[in-house]
Amino acid sequence: MECSWDRALLQHHDRLPPELLQITQNGSNEQYLEAITKASLDARNTYLIFAHCENIFAHICASTRSHGSLASTIATIGRVLSFAPYLAPFATQYLGEQYTFDVQDASDPDMLYLLGLFRLLRHDYKAFRSHVDTVQVQSLLRNPSRPVVYLAIRVLQICFDGADHWFEQMIKEYLGEDTPESNINGLWDDKIIDYRFLTLWEEERYEKVEKLLGSARAEVSRSVGGGRVIPAACFHPDTALVGGLVLPSEKPGNRAGTDMLVYTPTICDNLSRIATALKGPQPLLLSGLAGSGKTLLARHVAAQLGKLDKMVTLHLNEQSDAKLLIGIYTTGDTPGSFLWKPGVLTTAVEEGRWVLIEDLDRAPNEIIGTLLPLIERRKLLIPSRKQTVYAAQGFQIIATVRNNLNHRGEETRPLAHMLGARHWQNVAIDAQLLAEQKAVAKQLFPSLSQLLPQFMAVYESLQASKQRVALVGQTKTGMARAISPRDLLKWCSRVTKLLQQRSTFTSSDVDDLLMEAIDCFVGALPDGSARAGMVASIAENLRIDPQRRDYLMGERDVRYEVDKSRITMGRYSLPRVQAQRSASVAQGTFSTNPHTTRMLERVAAAVVNREPLLLVGETGVGKTTAVQHLAIHLGKKLEPFNLSQQSEAGDLLGGFKPVTARSLIIPMKDEFDEIFRASFSMSKNQQFLELLGKQMARSNWQAVCKLWQQALNMVDQQRSAVPDETPSKKRKIESKKVIDFTRWDAFAVKVTNMDHRLSSGVEAFAFSFIEGNIVRAVRNGDWVLLDEINLASPDTLESITDLLDPSSPSLLLTEAGNIERIEAHPEFRVFAAMNPATDVGKKDLPPGIRSRFTELYVESPDKDIKSLQSIVRSYLRAEAAADPAVAVDASTVYQKIIGLAEQNKLVDGAGQKSHFSLRTLTRTLSYAKYIAPQCSLRRALYEGFQMSFLTFLNAESARSVQPLLEQHLLGKRTNIRSELQKALRKPNDGKSYIQGYPGSKHWVHQGSLEPLEQPQYILTPFIKTNLENLVRATSTRQFPVLIQGPTSSGKTSMIEYLAKRTGHKFVRINNHEHTDLQEYLGTYVSGADGRLHFEEGVLVQALREGHWIVLDELNLAPTDVLEALNRLLDDNRELLIPETQETVRPHGDFMLFATQNPAGLYG
């Protein structure tokens, strides 16, 4: 930093010691700092040096103890603390040292110490009086020095909250009656005063120093440049240089990761403003445009000052609850007991942490009201406990607000009239200029110096065109995504990894640069003129000719290879680990066509570069399928979360829940299966695993724990086989399995605790904090998929925002009362998926969260006939080999049906526009593959198209599609009609099948109940037609079925007839606008013994036991209830119960039906 104050200080040479003057002009930096520290210890120089060298006075305070006594150090800090409250940590540090008074004789050090102590206590008695040894101070009351006795009484008055009467009595007792002659003369700074008038002298001192500070600041501001420059390394280790100011820093502070900040002029100005504001006690309010770096700078300053590790970040919104910030009563470990759990804000206030509040303008007035006493008087009120918590030393609030540009291009700041606005220090954060952004990129990515001019030209042209693009892009994806500096740095980072420090580039490298730029800047835009225009602009600046550009965009073949060790997708190659998956997680059909390989390449780019990825696209285009496919091939465990408006932060992170032995052991069983499979041979231990499964089924938990102990003994045997190996290391055994001893040790602790709780009896289980699946994924390095992320409530989203930091993703756990920050495993990745917010009522993702993702818009491969044919061949495989033309025919039929739908020539049974997607086609193909053994492949495809497409349409639309099916699928056959009337062959897989009704062409698997003939159900030709469609859809037991029709048309009775005829239990749920998700999934209820246990809902019971369930009047249920069932309705067929964190997969006989009246009828 530059010592711009030297020239102003030397103007007062007559008041400075000669040694300091000489060293200021000729000495080294170390000599200069030492001399100025020594001079500051003298009361004659303290105020003059403090006024001029204010920016480095923190270093002086940190160094005084090395050059002076404890008494002179306390006295020096006492003189200046009222004018620089940020120096309080040094006062606390020095007061912690033991000081021994001279009780018998008068001494100047005692006077210095007492005067300094008195000034410190007057400034902030709450912070300092706990450090005063009152017994020692009381012993000074018999000291022969009258000023010492007087100061001792003043100190004791503050420590004991003594009233004026008490003070007068003490003075009378120890100093005698107050008469004009009985003066109390003593040393006060550099002069002798009568201590009876100490208060007046202190007030005069305060006014003089304030005036001196004002004049010195004016002098320093006039003398700019030419001074000595002191590097940061010269300053005391307990300080940090931030924005040209030296501030106190905590020793344990982790400053790693802050070197990424590039100090451009704008950044330096912003840092200087923040550092200047931190000198005062008021909270900071950082305001600036999106992307100006408000959060980055706040985190950087916190890291420099050693506050980042313990800093609490709050993402507030309209739904935030002040009670959760302050604290709530929660159940204790023993049943019936309740404990007070302080909230995250209360904990931060008590422990003196920094609190960063993102987007303060989104906080409700209730939160602002809670913060008001804290920012005004540094105290937090807890009404429920009638308690006041005073902020500990070091506590600081920093809030951010996002400015907007008005129609004139001027910045407008929200919260101008906020409650308590006058108590905040407003710090304006300026956005960087384009030239500065280039300098940042050049310093962070020096290997790209040759390419940076082109990169900046691309960035500048995109910035200029973003207004035009916003209008076009907004129509399809719901919200325009601004081009920000984050996108530029992301592009540079990707290219640096791709080129791997090479200085020469081939033409394929330039192609890769273009593809990376498209993903970073325009990946979020759907196909259209806006995207094409931006791609053309990028290619032009990268000097790629239009023909080459069009080839790369449309016809480029992406290399896709999978071998035992690696999976290669275009420009990315990833190491492959063969995951030990359980039998229930089967790998689905995945077609590697040009569309999906391009998609996989884009997903792989985000995985390699550790970027959070947001996939936006219509339903059924393969967003989640691509992530699942990649996870399976890379051996990663994927934790999917289907978010809805009823999702809570506790569903993801965990929360206090009533627990039983079962609810605790189920997650342990999952963990045991995973690590046992990775450590030992499954086939050799088959008998052991079967026995474990039987004990789990019987709920014999003590036997389960004994079996786990046996497995732990096996691990110990492997550990002892190689005694010189440390337990923390992994070790290969004969079967090429790898034993992770660390995970086994952690599991052993859980088994021991569980065994202890079981032996304590049932009363040992009450409420316990159950960690959410996402927390386990963060710890273990699994992948997380947040499906329908835009439907989640704001507080749910804000709870996981820190996971979206690509450099150091982390998770702040505050639910358990303790503040715990979990740093993410290096292999952890987060993906999100959502539909475009174009439909009425569809929510969009908040811009602050959306901007943290790498966003890709996923198009449907409908228009690419090659991709469609590849999909058909992938699903039908062996069946299509004998008839190669079937792929072309099926793809052509699909495209023609889609074409009719887009031309509004097809409507559904309710007269609404029909919607078909790739999922409709893949279900058709899955169905055809299933029934192909019962008939010809083309007949199977015909039946599949009938099931997926025609039964959805009204009679007129179905008549227009029917000829297409006959022409393309059965065109070469004779006697088409007679073949279609034939019944399918009965399956011969050894299971029992029954016709859906007498004379049905399809067969349904017989359930566990006795089939019932129902003579009262009249089978008219019309009903038989409807039943045939229902039986066709039910025969595979794989797809949910929605039946739409007017009231009393026999929708539910038809399902009930089929269920009873085929031996299945029929269950029904009536939906209404107040239907709650708990009716489906279950809830905690009180048992006969008064204890809470989880009672599963109707849907979960049907899933487990294989019932046929009907969701009546589905369209009356709230949308969030339906979205929560999304993953059960798609091809994953699984359901997560948030309360127990258990994923349930359906019984083989399970079928899900739903009925509804046509939209617009009956209200």
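Is Glu1096 buried, partly exposed or exposed, at 25% relative accessibility? Glu1096 counts as partly exposed at that value. The legends below concern a predicted model.

**Figure 1. Overview of the protein chain, with 47 helices and 39 strands.** The protein chain has 1163 residues, of which buried residues make up 54%. Among contacts between residues at least 6 apart in sequence, 73% join residues at least 24 apart. The structure holds 29 aromatic pairs, and the count of salt bridges comes to 51. The close-up views that follow take up examples of these.

**Figure 2. The salt bridge of Glu1096 and Arg1104.** The closest N and O atoms of Glu1096 and Arg1104 are 2.7 Å apart. Glu1096 is partly exposed, at 25% relative accessibility. Arg1104 is also partly exposed, with a relative accessible area of 31%.

**Figure 3. A salt bridge within helix α39.** The side chains of Arg939 and Glu943 meet at 2.9 Å, N to O. Both residues lie in helix α39 (residues 937–948), where they are 4 residues apart, about one turn of the helix. Arg939 has a relative accessible area of 3%, so it counts as buried. Glu943 is buried as well, at 1% relative accessibility.

**Figure 4. The salt bridge of Glu351 and Arg353.** The closest N and O atoms of Glu351 and Arg353 lie 2.8 Å apart. The two partners fall into separate accessibility classes: Glu351, at 47% relative accessibility, is partly exposed, whereas Arg353, at 12%, is buried.

**Figure 5. A salt-bridge network that includes Glu516.** Salt bridges link Arg494, Glu516, Asp519, Arg556, Arg571, Glu601, Arg602 and Glu611 in a network. Glu516 is placed in helix α22 (residues 507–522). The relative accessibility of Glu516 is 0%, so this residue counts as buried. When neighbours within four places in sequence are left aside, Glu516 is in contact with Trp491, Arg494, Leu498, Arg571, Tyr572 and Ala605. Arg494 and Arg571 therefore appear both among these contacts and among the members of the network, with Glu516 buried because its relative accessibility of 0% is under 20%.

**Figure 6. The stacked pair of Tyr1017 and Tyr1057.** The structure holds 29 aromatic pairs, and this view shows one of them. The ring centres of Tyr1017 and Tyr1057 are 4.4 Å apart and the ring planes are at 15°, so the pair is stacked. Tyr1017 lies in the loop between β31 (1003–1005) and α42 (1021–1034), and Tyr1057 lies in helix α43 (residues 1051–1061), so the pair ties together parts that are 40 residues apart in sequence. Both Tyr1017 and Tyr1057 are buried.

**Figure 7. An aromatic cluster of Phe and Trp residues.** One aromatic cluster is formed by Phe672, Phe676, Phe680, Phe688, Trp708, Trp744 and Phe747.

**Figure 8. Arginine side chains over aromatic rings.** Arg154 is placed over the face of Phe167, 5.5 Å from the ring centre. Arg228 is placed over the face of Tyr32, at 4.4 Å from the ring centre.

**Figure 9. The length and buried side of helix α14.** Helix α14 (residues 265–278) has 14 residues, which at 1.5 Å a residue should span 20 Å. The end C-alpha atoms of α14 are 20 Å apart, which agrees with that expectation. The buried residues in α14 are Thr266, Ile267, Asn270, Leu271, Ile274, Ala275, Ala277 and Leu278. They cover an arc of only 165° around the axis, so they are on the same side of α14.

**Figure 10. Two loop residues with positive phi, Asp189 and Asn904.** Asp189 has phi near 55°, a positive value in a residue other than glycine. Asp189 is found in the loop between β1 (185–188) and β2 (191–194), and counts as buried at 9% relative accessibility. Asn904, also a residue other than glycine, has a positive phi near 60°. Asn904 is found in the loop between α37 (885–902) and α38 (918–931). With a relative accessible area of 52%, Asn904 is exposed, whereas Asp189 is buried.

Terms used
Residues are numbered from 1 along each chain as its sequence is written. This is a predicted model: local features need pLDDT of at least 70, side-chain atom pairs count only at pLDDT 80 or more; totals for chains, interfaces and linings use all residues. Side-chain values use heavy atoms; hydrogens and water are left out. Rings of Phe, Tyr and Trp (its six-membered ring) pair if their centres lie within 6.5 Å; planes under 30 degrees apart count as stacked, over 60 as edge-to-face and the rest as tilted. Helices (H or I, at least four residues) and strands (E, at least two) are DSSP runs, numbered from the N terminus. Buried means under 20% relative accessible area, exposed over 50%, partly exposed in between (1.4 Å probe, protein chains only). A charge sits over a ring if NZ of Lys or CZ of Arg is within 6 Å of the ring centre and within 35 degrees of the ring normal. A salt bridge is a side-chain nitrogen of Lys or Arg within 4 Å of a carboxyl oxygen of Asp or Glu. The expected span of a helix is 1.5 Å times one less than its number of residues. The arc is that of the directions from the helix axis to the C-beta atoms. Contact means heavy atoms within 4.5 Å.
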